[in-house]
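Student: Please pick one part of this model and go through it closely, then work outward to what goes with it. Don't skip the cut-offs behind the words you use.

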Amino acid sequence: MTNNECFPGFELGIPPGITHGRCVRDGYNRGWGLQWGGLAEKISADPLYIEALRLAEGRSILSPLSRMNLFLILKFYAAAIPPGDIIEFGAYKGGNAIFMAKVCAELGLSSTVWALDTFAGMPETDKTVDSHSAEDFNDADLVELTQYIETCGLKNIHLVKGMFEETVPLLLTRAAPFILAYIDCDIRSAVRYSYNTVKHHMVNGGYIAFDDAHTSTCLGATEVVEADVIRRDGLHCEQIYPHFVFRIFKTAAQVGAAGAAESRWARIRSFALLRKSSETDQSTAFIGHRES
Ligand SMILES: C[S@@+](CC[C@H](N)C(=O)[O-])C[C@H]1O[C@@H](n2cnc3c(N)ncnc32)[C@H](O)[C@@H]1O
């Protein structure tokens, strides 16, 4: 499925540029396409979608349309922004992370998927705003999940166990800037921490999607989008259907600084790869070391 096949005849005369920090045309193409334009049927028949979904089967509670929207972003839009990693806040049984990792691997994207969770259920929640309770989703099995990922042959996925607040600071020293952050942790404290942390670590034009902010059970997540993303940060969404999607564009000065950081990451990563693949070839490893 190419981009043209993906969006046949969808022409509202929307120009392709960025206005108010998002691409309105791209938002319509994905959102309208999924809701009204027959895109879901096309994606359902895409061999890569089918194969990635097969690996994730029984391991994700994401709505099919949300998964399809992530598929569209990775397949048709990721190549237009600088390369980087993917982070999922709230991985639960790992299915959506596996899905994204498989799609990236098959598309040749260099992204590592960082899948974060306590893997032991929800932490304490705030009943003044969250409908969820502590220990909801406490039936993930990290040992089984780790073994399953190995049998899938996926090398581009890292499971990160613990409270986000405890694991993310170290993770950010190891991950590349993100092309996509998927915030799927339901409760206000976790959604707030995720957004306010990750927004500083996105590639220019990167995508932040909120799984729950428009759902009936997650007013805490809605509040973060209202208060932090829209009111305080002044962002306009690129999509509201099937979930909120925002873009993070940087100023020219930030792009310069981020570009330097990104190329440093590229050098560190190639050095790590060189070391891994050539433990017996010290001369190659040394070249990598000198360049880093
Ligand atoms: C709705 S589930 C995620 C669903 C998953 N993305 C999928 O594809 O099925 C939400 C998850 O967020 C996790 N979570 C919520 N707050 C957290 C926090 N502060 N630190 C780590 N995990 C958290 C919960 O443990 C739960 O597994």
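Tutor: Let's start with Thr217, which sits in the loop between E5 and H10. Helices here are DSSP runs of H or I with at least four residues, strands are runs of E with at least two, and both are numbered from the N terminus. Residue numbers count from 1 along each chain as its sequence is written. Keep in mind that this is a predicted model: local features need pLDDT of at least 70, side-chain atom pairs count only at pLDDT 80 or more, and totals for chains, interfaces and linings use all residues.

Is Thr217 buried or exposed? Thr217 counts as exposed because it has 11 C-beta neighbours inside 10 Å. The cut-offs, with C-beta atoms placed from the backbone, are 20 or more other C-beta atoms within 10 Å for buried, 12 or fewer for exposed, and partly exposed in between. Thr217 also has a partner from elsewhere in the sequence: Asp130 is 87 residues away along the chain, yet the two C-alpha atoms are 7.6 Å apart.

Now look at Asp212, found in that loop between strand E5 (202–210) and helix H10 (219–232). Asp212 is buried, because 25 other C-beta atoms lie within 10 Å. Leaving out neighbours within four places in sequence, Asp212 is in contact with Asp184, Asp186, Cys218 and Ala221; contact means C-beta atoms, placed from the backbone, within 7 Å. Between the C-alpha atoms of Asp212 and His243 there are 7.4 Å, with 31 residues separating the two along the chain.

His243 brings us to the stretch around Pro242, in the loop between H10 and E6. Have a look at the backbone there: the peptide bond from Tyr241 to Pro242 is cis, with omega near 5 degrees.

Back to the strand that leads into our loop. E5 is mostly covered, with eight of its nine residues buried. Strand E4 (residues 178–183) runs parallel to E5, and five bridges join them; strands pair if DSSP finds at least two bridges between them. One place to check is Phe178, which stands opposite Met202 in E5. E5 is also joined by five bridges to strand E6 (residues 244–248), and this time the two run antiparallel. There, Phe210 faces Phe244 in E6. As for the connection, E4, helix H9 (residues 188–198) and E5 make a right-handed β-α-β unit. Right-handed means that, with the strands pointing away from the viewer, the path from the first strand over the helix to the second runs clockwise.

There's another such unit: E2, helix H7 (residues 142–152) and E3 also make a right-handed β-α-β unit. Strand E2 (residues 113–117) and strand E3 (residues 157–161) run parallel, joined by five bridges, and Asp117 has Lys161 as its bridge partner in E3. The loop between E2 and H7 holds Phe137, whose phi is positive, about 65 degrees, although it is not a glycine. Phe137 is partly exposed, because 18 other C-beta atoms lie within 10 Å.

Tyr92 has a positive phi too, about 55 degrees, and is likewise not a glycine. Tyr92 belongs to the loop between strand E1 (85–89) and H6, and it counts as buried because it has 24 C-beta neighbours inside 10 Å. It also takes us to the ligand: Ser60, Gly90, Tyr92, Asn96 and Ala190 come nearest of the 22 residues around it, where a residue is near if its C-beta atom, placed from the backbone, lies within 6 Å.

Finally, the core. The largest nonpolar core has 70 residues, and Met100, Ile183 and Ile208 touch the most other members. Such a core is a set of buried Ala, Val, Leu, Ile, Met, Phe, Trp, Tyr and Cys residues joined through C-beta atoms within 7 Å. Helix H6 (residues 95–107) gives the most to this core, seven residues. Not counting residues up to four places away in sequence, Met100 touches Leu70, Leu74, Ile86 and Val113. For the whole picture, the protein chain comes to twelve helices and six strands, and buried residues make up 40% of its 292 residues.

Definitions and conventions
Two residues are in contact if their C-beta atoms, placed from the backbone, lie within 7 Å.
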